[in-house]
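Welcome to this short briefing. Please have the sequence and the structure open beside you as you read.

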2 protein chains.
Amino acid sequence: MEQIPINADRLIRDLKHLRSIGAVGTGVVRPAFSASDMHARSWLKERFKEANLEATIDGVANVFGRSRMEGPALLIGSHSDTQPEGGWLDGALGVVYGLEVARSLAENDKTKHMAIDVVSWQDEESNFLSCLGSRSWCGTLNEELEKTATSREGEKLRDALTRVGLNNTDRLLIEEDRYVGYLEAHIEQGNYLEDAGEKIGIVTAIVGIRAFIITFRGEQNHAGTTTMQRRKDAATAMFEAAHRINQEFPSVVNENTVWTIGNAVIEPGASSIVPGLAELTLQFRDQDEKVLDLLEGTVEEIISDIRSRGVISVDIRPGREVIKPSKMHAEFQMFLEESARLITPNSWRYMPSAAGHDPMVIHEKLPCGMLFIPSIGGISHNFKEDSHETDIILGCEVLATGAAAILKKTGT
Amino acid sequence: MEQIPINADRLIRDLKHLRSIGAVGTGVVRPAFSASDMHARSWLKERFKEANLEATIDGVANVFGRSRMEGPALLIGSHSDTQPEGGWLDGALGVVYGLEVARSLAENDKTKHMAIDVVSWQDEESNFLSCLGSRSWCGTLNEELEKTATSREGEKLRDALTRVGLNNTDRLLIEEDRYVGYLEAHIEQGNYLEDAGEKIGIVTAIVGIRAFIITFRGEQNHAGTTTMQRRKDAATAMFEAAHRINQEFPSVVNENTVWTIGNAVIEPGASSIVPGLAELTLQFRDQDEKVLDLLEGTVEEIISDIRSRGVISVDIRPGREVIKPSKMHAEFQMFLEESARLITPNSWRYMPSAAGHDPMVIHEKLPCGMLFIPSIGGISHNFKEDSHETDIILGCEVLATGAAAILKKTGT
């Protein structure tokens, strides 16, 4: 494997220019289909053109830069829309990395024949509909969902498309024959790399998420005159279940598993009334379905145990649609590892992504690979989000070198 | 000890008449200073007069029936105001018992010289100010409290007094030299007697109440990307504390102790956010200060343990004014026991009162005794509140016989 040089100045300049579009203090406000978002997409389209890519903004505002090389192609990108109070690198980093990898490979005699397509997906951050752009491109966008999709400000998706002049524009669809796969780089949005002093995370999978709402029903009663023996205290059962979940989960999990009891409600919630109802919200995430199954089994056991005493009835229902773990392609991981070993030996690791990304959608159609660079303080979805410039440059080098190796392997 | 006969028909007839004033379905709506409350007080005054008592409605609407005997006197009564949706016996029972005991003792040659004063206190149920009437009579009514006292409907106490024509009426004050003490009978408002198939509860003390709000502060964070090791989850600490309270209290308490975690709040309370703050409301009640101290100590130990780990900060503050246990007079308990043994052997018990009553105020000035009769299903503060007629009659017999014995003992 040979290291592919990149143009670090150009990379940083483009990232900083993109940061200026929708800038608010140190952060960026570029929610999908806002004026600043569309401005950024037009600017990206011009950059794609300059890089000699066939540039298109499609019918859902995905910005595509298609290589004029025949392929097989590697698609590289991320999203340029942001959270309502977004950081400057969340999404933008991966898009400009794609652009820089396309340019760098085109400028290198050994790689200039390789086809790198670049993309900025629309609305990964769920202003109207999460991963709208990648779903549309993969042909998995549900029509019903699209009809009801409404922005945080209350605008309908179809009205937004009319407003920005895209209502009659074609939507690009995946050409499965063209692509070897999809690569996306992203800031980590967590602390693993920073804590370990490492520079590159090679994503093994985007974690699956299961969430449950567990309801405990007892009998509301006077807190003075109802003996402890007669009580059917829903909150007592909830506290037991919550504490046992926190005590018993560690024996089942691995170091990357996370779980959260993010809310609990007691009714009627008065100091002098024995609670008749209590409800908690539990969520857990892991890259491995087996771990998720074991955690769910542990919850079921705790609930059965409480139910079996015949005092408190317990219901459990899903708290959200189940998200299955999205495995990244094994061979892509290997190539990214080799690239990381070459460029930054001993300061990289394999890790899951605890946050969601477009590859959750795309991996159902194409092999996917993801790469993380460190986030300062693990902060994201926040104006304070940042990464060190040296880490930003290094990440792009690893991505470019890995991308070239993947395309080389396919015989391009 | 000799059993004092009462007039059961008259007792029940008066109770039923009082029930008709402010009747709503099976319940009674007679909040302090309402038209129905004042109607009931006028009716009681007439009944006191008929019983040859000097009857007065004083400046806070206490209804007094003063015996024409010289004394020492025993004061017997309760309150005739009700909860906004009250039961027919809560308070009323004790007032009519007082009246019936006064009549019965006056009709009996052996006891007709005994001085029984009868009272219906105003606003035990805290429409304007809890135990307004007994506080006023004991001289412990705080002027500041009285100034700010406002009814559930928003009326000021002084306006209510003007409305019912009592603003220029004298308030009766305790004549400590006159009284041997105060007796009050009440429905149990709980299940101990019914569960045990017993007829009489002799109250040992009205329980003390301590309440605390315990606040746990950690760090709000992303529920996906924050590792379990880095988390400062306020809710996890709260669940541990709550469960440990429920697990560790039983080793300190007696069979009558009650404790309740009536509310818990988590902030921000979202499924995907590690909670930064969690707060629980804890209350416990017992008749013994030592038990209350031990419980408070147990809470402090659990909190110290959590604090000592250095992850979550914990604050504890009082959730209400501390209420100390009110001990009933030992000798009165003995006389009531003797009376119960005589009239209903093997179906009485000593027990604390888990609910509050006027003797909490009065026991600071006079020896007090309380007696309970069973509540059907333990229901109170509810239109469904009821007691069996045979139990009502038996309770009055025990009270009359006990009262006569107390006065006999004083040499009257």
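Let's start at the rotation axis: within chain A, the residue that comes closest to this axis is A:Phe239, whose C-alpha lies at 2.7 Å. Please keep in mind that this is a predicted model. The points below cover the two copies first, then a sheet in chain A and the helices on it.

**The two copies**
- A turn of 180° with a shift of 0.1 Å along the axis lays chain A on chain B, with an RMSD of 0.1 Å.
- The two copies are therefore related as by a two-fold rotation axis.
- Both copies use the same surface, as 100% of the contact residues of chain A recur in chain B.

**The sheet in chain A**
- Four strands of chain A make up an open sheet with antiparallel pairing, and their order is S11-S13-S9-S14.
- At the edges are strand S11 (258–267) and strand S14 (313–318) of chain A, each of which pairs on one side only.
- On average, neighbouring strands of this sheet are turned by 15° against each other, direction ignored.
- Nine bridges join S11(A) to strand S13 (residues 277–286) of chain A in the antiparallel sense.
- A:Val258 has A:Arg285 in S13(A) as its bridge partner.

**Helices on the sheet**
- Helix H8 (residues 234–248) of chain A lies across strand S9 (208–217), S11 and S13 of chain A, and runs at about 175° to S11(A).
- Helix H9 (residues 289–308) of chain A also packs on the sheet, where it touches S9, S13 and S14 of chain A.
- The direction of H9 of chain A makes about 5° with that of S9(A).

Definitions and conventions
Residues are numbered from 1 along each chain as its sequence is written. Chains are lettered from A and ligands numbered from 1 in the order in which they are written. This is a predicted model: local features need pLDDT of at least 70, side-chain atom pairs count only at pLDDT 80 or more; totals for chains, interfaces and linings use all residues. Side-chain values use heavy atoms; hydrogens and water are left out. Two strands pair if DSSP finds at least two bridges between them. Helices (H or I, at least four residues) and strands (E, at least two) are DSSP runs, numbered from the N terminus. Axes are lines fitted to C-alpha atoms, for helices over the stretch in contact, and angles run from 0 to 180 degrees between N-to-C directions. Contact means heavy atoms within 4.5 Å. Copies are superposed by least squares on the C-alpha atoms of residues with pLDDT of at least 70 in both.
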